[in-house]
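This report goes through one protein chain element by element. The sequence and the coordinates come first, and the description follows.

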Amino acid sequence: CNKGVIFHNITPAHFYAGTQLAQALTSGRAQLAALAAHVKLAIGVSQFNVEELKAAGFKNPHRVPLFIEPERFSAARADAKMLRRLKSDAPLMLTVGRVVAHKRTDDVLRLHAEVRRLEPKARLAIVGGLKAPEAFARRVLKEAKRIGGVSFLGRVSHAELVAAYRAADVYVSMSEHEGFGVPLIEAMASDLPVLAFAAAAVPETMGGRGIAFTEKHFAALAELALMPRYDAKLKAKLVAGQRRRLTQLSSTVAEAALEKALRPFVTARAPARKRARAKVAVVVQRFGKDITGGAEAHARQLALRLAKHVEVHVLTSTSVDHLKWDDTLPVGKSRDSALTVQRFAPSAPRDMRAFNRQSSRLFGRAQDGLHEEHWVAEQGPRLDGLLAHLSANADDYDAFIFFTYLYAPTVWGLPMVAKKALLVPTAHDEPPFQFDVFREAFERPRLLLCNTPEEEALIRARFRKAAPSKVVGVGIDALQGRVERFRRAFGIDGPYLLYVGRMEPGKGLPELTAFHRALEKRYHDAPWLLLAGGGDYVPKGPRIRVLGRISEQHKFDALSGAMAAVVPSKLESLSLLALEAFASGTPVIGHEGSPVVAGLVKRSHAGAVYGSAQSYAQAVRDVGASRPTLSKNAHQFARAFRWDRVIATYRAEIEHIRRSAR
């Protein structure tokens with residue numbers, strides 16, 4: 001196969017003269033030169049590195065710059081505790097990088113000593129680990145103690161790093177051999193003025209912005225280091241210039257440069273044959289008539305109806321269990337009515353305990369891209385075969401419909417076919433929704449097909465550059481229900497509330513069952529709470545009953561006679577249960593913490609919301625007292641959810657993609 005190398009830098013050995021590392025660095029340059037005859041493509045992250053590659057014997061190396069995502073360094077991403085620790089009335093100078101000889105931490109300390117002569121309370125914060133050789137580290141620590149006002153922060157989280165940048169008055173780099181200078185652009189993204197020694201790739205990285213110097217006159221530099229703190233106009237000018245520089249270091253610029261470098265190695269594909277009938281792929285993490293899940297059910301309902309008009313192929317996993325990503329169903333192609341279903345095996349099962357620990361460490365805190373990508377990998381399912389299929393067969397499909405933003409097949413698969421992609425996000429305000437790793441999924445598709453106005457507003461508020469969007473929703477085909485049949489089948493007597501869905505704590509069931517137990521204790525005539533669905537959560541209570549999985553017919557039989565359907569989850573992009581209840585003429589009691597469900601209840605005038613034990617009891621009483629009127633409103637509201645309208649929208653968008661590809 002073709003072989004390539006991406007080169008970032010090799011530190012000159014003279015910085016480590018007399019140590020074992022010097023020999024390793026010399027050997028590293030020899031190894032780089034030895035690769036030249038065997039590598040088809042060489043990429044340097046700066047022109048400085050490109051010149052080094054040329055000197056090593058590489059032919060026609062390409063420059064593909066690193067890029068920055070400024071949003072990751074906004075003030076909102078800063079760790080509050082670290083901010084409080086670093087903020088004070090005394091000036092603060094910051095440097096980021098390993099405490100090693102070639103980063104010239106010793107020169108940073110010399111500058112700090114001069115700054116302390118001008119401002120005795122001035123401080124220096126150093127972010128980065130202490131590295132071998134130990135003699136240099138000991139010397140640095142000894143000198144820092146002598147000067148005073150130095151804080152070694154060590155390795156920090158991304159949120160703590162942002163706080164350090166945001167708390168400082170100036171960023172200082174004394175390094176004499178940077179291959180690019182990542183902390184320089186991170187400081188720029190944090191609106192922190194940069195003061196840097198203009199050696200190696202530093203001038204290229206700074207692009208004429210910030211303050212660059214070519215001689216280390218520490219007394220003069222000390223005055224420069226203090227100026228941004230006391231000269232507001234100068235600081236504003238520096239920050240404005242640095243912001244302009246960041247526009248030249250965007251992912252778009254890097255992507256275009258990489259595409260140009262790879263172009264000679266891309267095999268031209270034969271033009272796709274023209275088809276009278278569009279060929280569409282539906283990409284979803286799980287699929288099947290027996291799989292419980294709102295997004296999965298939505299995907300199947302849509303695919304089956306769309307197959308009457310276009311050729312539909314479902315690309316999915318062999319998994320049934322969305323917690324473990326088990327390899328249960330056969331790999332390969334099968335038929336589901338008019339659908340072709342192609343399944344790919346997950347590369348690894350998921351350890352939920354380890355994943356939950358990882359999530360608890362990451363949620364609610366700003367993260368760098370690497371940690372977010374690791375989370376997506378563990379969230380899964382990791383379907384290497386599916387990604388390979390997209391890469392090899394993208395031209396065989398006219399359009400792709402991705403379901404659910406949250407899972408790896410969408411995060412990694414959608415950008416591969418973005419020009420032909422439609423996304424059904426099923427988004428709600430949950431902790432991972434704040435991750436920037438999902439930005440491409442929301443920004444790059446042709447269209448976002450949202451389920452509710454609340455979901456659309458949530459996405460547009462979170463992702464400023466989100467793709468165009470439409471509120472499409474779903475259609476509801478309610479089966480004719482007979483409550484007597486349900487009562488006989490399950491031995492149900494008396495009034496009841498109904499929940500149908502996954503039996504998991506994350507669906508709000510612990511709170512719901514606690515509120516219902518409180519209701520039963522207060523009112524002797526409290527209705528039953530019937531819970532139907534698969535899962536491990538089994539609540540107990542005097543008037544609580546778990547039915548397990550029930551058929552579609554039994555579900556609509558049960559809905560037809562329920563006092564109300566209950567939707568306890570706060571995290572909903574669309575509640576199919578609520579819509580099915582409305583179509584059955586059944587009111588809905590939903591959690592007020594879900595904007596989507598609360599919005600459905602408000603617009604339909606066919607239910608009530610709750611958020612506490614007291615409001616739950618009141619909602620049950622209100623629905624019971626007004627059920628005939630609420631039932632009439634529910635029927636009327638459900639008429640708007642028609643599959644013919646939904647499918648017409650999808651067909652129009654698919655045809656639009658086909659026309660634009662011609």
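## Helix H11

In this predicted model, Thr252 and Lys260 of helix H11 are exposed. The opposite side of H11 is where its buried residues lie: Ala254, Ala257 and Ala261 are buried, and they cover an arc of only 65° around the axis, so they sit on the same side of the helix. Those buried residues pack against S2 and S3.

The length of H11 agrees with that of a helix rising 1.5 Å a residue, because its twelve residues should span 16 Å and its end C-alpha atoms are 16 Å apart.

## The three-stranded sheet

S2 and S3 belong to an open sheet of three strands in the order S1-S2-S3, with parallel pairing. Strand S1 (4-7) and strand S3 (62-63) are the edge strands, each pairing on one side only. Four bridges connect S1 with strand S2 (residues 41-44) in the parallel sense, and Phe7 stands opposite Gly44 in S2.

Helix H11 (residues 251-262) packs on this sheet, touching S2 and S3, and its direction makes about 160° with that of S2. Helix H2 (residues 47-55) also lies across the sheet, over S1, S2 and S3, and runs at about 140° to S2.

## Helix H9 and its surroundings

Helix H9 (residues 218-230) consists of 13 residues and reaches 19 Å from its first C-alpha to its last, close to the 18 Å expected at 1.5 Å a residue. Its buried residues are Phe218, Leu221, Ala222, Ala225, Leu226 and Pro228. Seen down the helix axis they fall within an arc of 145°, so they line one face of H9. The face turned away from that buried side carries the exposed residues Glu223 and Tyr230.

What do the buried residues of H9 pack against? The partners are strand S4 (92-96), helix H4 (105-118), strand S7 (170-173), strand S8 (194-197), strand S9 (211-213) and helix H10 (232-246).

## Strand S7 and its two partners

S7, one of the strands packed against H9, pairs with S4 and with S8. S4 and S7 run parallel and are joined by two bridges; S7 and S8 also run parallel, joined by three bridges. Tyr171 takes part on both sides: it is the bridge partner of Leu94, and its own bridge partner in S8 is Val194.

The side chains of S7 are described by direction and burial together. Val170 and Val172 point one way from the strand, Tyr171 and Ser173 point the other way, and all are buried.

## The six-stranded sheet

Another open sheet has six strands in the order S20-S19-S18-S21-S22-S23, with parallel pairing. Its edges are strand S20 (544-548) and strand S23 (607-610), each of which pairs on one side only. On average, neighbouring strands of the sheet are turned by 25° against each other, direction ignored.

S21 pairs with strand S22 (residues 588-591) in the parallel sense over three bridges, and the bridge partner of Ala565 in S22 is Val588. Helix H24 (residues 613-625) packs on the sheet and touches strand S18 (496-500), S21, S22 and S23; its direction makes about 170° with that of S23.

## Ala564

Ala564 is found in strand S21 (residues 564-567). Is this residue buried or exposed? Ala564 is buried, because its relative accessible area is 0%, and buried means under 20%.

Leaving aside neighbours within four places in sequence, Ala564 is in contact with Tyr496, Leu497, Leu498, Thr586, Pro587, Ile589 and Val623. Ala489 lies 75 residues from Ala564 in sequence and 20 Å from it in space, C-alpha to C-alpha.

## The chain as a whole

The chain has 26 helices and 23 strands. Its C-alpha atoms fill a box of roughly 90 × 65 × 45 Å along the principal axes. Of the 662 residues, 53% count as buried. Among contacts with a separation of 6 or more, 69% are accounted for by residues 24 or more positions apart.

The average pLDDT is 92, and 97% of the residues score at least 70. Among the elements of the chain, helix H1 (residues 20-35) has the lowest mean pLDDT, 77, and strand S15 (residues 421-424) the highest, 98.

How values were computed. Residues numbered from 1 in each chain as written. Predicted model: local features only at pLDDT ≥ 70, side-chain atom pairs only at ≥ 80, totals over all residues. Heavy atoms only, no water. Pairing = 2+ DSSP bridges. Contact = heavy atoms within 4.5 Å. Axes fitted to C-alpha atoms, helices over the stretch in contact; angles between N-to-C directions. pLDDT = per-residue confidence, 0-100. Expected span 1.5 Å × (residues − 1). Buried < 20%, exposed > 50% of the residue type's maximum accessible area, 1.4 Å probe, protein only. Arc of directions from axis to C-beta.
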